[in-house]
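Me: I am new to this model and would appreciate a formal, connected account of one part of it. Please take the structure below as the starting point.
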Amino acid sequence: MKRISCILILLIIIASGVFAQNATQARAVLDKTAGILNRKGGLSISFSMSNSKTGTVAGTIAIKGKKYNVRTPQAIVWFNGKTQWTYMKNTNEVNVTTPSLSQQQMMNPYAFINMYRSGYSLSMKTQNKNYVVHMTAENKNIQEIYVTINKKTYIPSAIKLRQGAQWTSITISNFAAKNQSDNIFTFRSKDFPSAEIVDLR
């Protein structure tokens, strides 16, 4: 009995060591990915985002640090790091808001990458030419995230996240390192002279 207990303790220690090593490897992969995505000059990508509530939305996004400019057939969104403007094409309205961190994360697919730094447990597996990093949290708005990352480039190609029982899937393509002008992250009323401005701050 004593020998069995010792074996069980040894297995637990080994398993804990493997888990810790796996988490460390996952963090190292995300560190490299975050380094690429936080490129000083900015990025541009194409994306498709879908869930059971909103269906599928495809578009492009320009990113520079926390700033983003999202363009889809339905809307255009500008965020300059503090204020967000959302132009709805069907109503010709511009809603002005100060988005929360979770709202920013829903608009910017790559914002999820930086969430691993605090409050998430990490694990990782290899799938063909990719790493698949699994992030889990108990006390976060987004409880689970799966990030598929290319082994050679460390660029993400897919993100799957869960809020409550709701899963959202994001696929990413046409990744390009591209210097972005700060002007594209701020709404200019002269470009939409007939739009109604609705300040929701």
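What percentage of the 201 residues in the protein chain is buried? With that as background, please look closely at the open sheet and at the contacts and salt bridges made by residues in its strands.

Reply: The model is predicted, so local features are described at pLDDT of at least 70 and side-chain atom pairs at pLDDT 80 or more, while totals for chains, interfaces and linings use all residues. Residues are numbered from 1 along each chain as its sequence is written, and side-chain values use heavy atoms, without hydrogens or water.

Of the 201 residues in the protein chain, 38% are buried; this term means under 20% relative accessible area, exposed means over 50%, and partly exposed lies in between (1.4 Å probe, protein chains only). The chain has 2 helices and 12 strands, which are DSSP runs numbered from the N terminus (helices H or I, at least four residues; strands E, at least two).

The 12 strands form an open sheet with mixed pairing, in the order β7-β8-β9-β10-β11-β1-β2-β3-β4-β5-β6-β12. Two strands count as paired if DSSP finds at least two bridges between them. Because β7 (121-127) and β12 (196-199) stand at the edges with a single partner strand each, one side of each has no neighbour in the sheet. From one strand to the next, the twist averages 20°; the axes are lines fitted to C-alpha atoms, and angles run from 0 to 180 degrees between N-to-C directions.

At one edge, β7 runs antiparallel to β8 (residues 130-136), joined by 7 bridges, and M124 stands opposite V133 in β8. Further along, β10 (residues 156-163) and β11 are antiparallel and share 6 bridges, among them the one that pairs I159 with I170. These two strands form a hairpin with 2 residues between them, and G164 in the turn has a positive phi of about 65°. β11 (residues 166-177) also runs antiparallel to β1 (residues 43-51) through 8 bridges, with L43 opposite A177.

V133 also belongs to the largest nonpolar core, which has 30 residues; together with M135 and I145, V133 is among those with the most contacts inside it. Such a core is a set of buried Ala, Val, Leu, Ile, Met, Phe, Trp, Tyr and Cys residues joined through side-chain atoms within 4.5 Å. Helix α1 (residues 2-37) contributes the most to this core, namely 4 residues. Beyond four places in sequence, V133 touches residues including A26, V29, L30 and I145, where contact means heavy atoms within 4.5 Å.

Strand β9 (residues 144-150) contains T148, which counts as buried because its relative accessibility is 15%. The C-alpha atoms of T148 and V133 are 6.5 Å apart, although 15 residues separate them along the chain.

E144, also in β9, is linked to R162 in β10, 18 residues away, by a salt bridge of 2.8 Å, N to O. The term denotes a side-chain nitrogen of Lys or Arg within 4 Å of a carboxyl oxygen of Asp or Glu. E144 is buried at 15% relative accessible area, whereas R162 is partly exposed at 21%. In another salt bridge, D182 and K64 bring their closest N and O atoms to 3.1 Å. D182 lies in the loop between β11 and β12, and K64 in β2 (residues 55-64), 118 residues apart.
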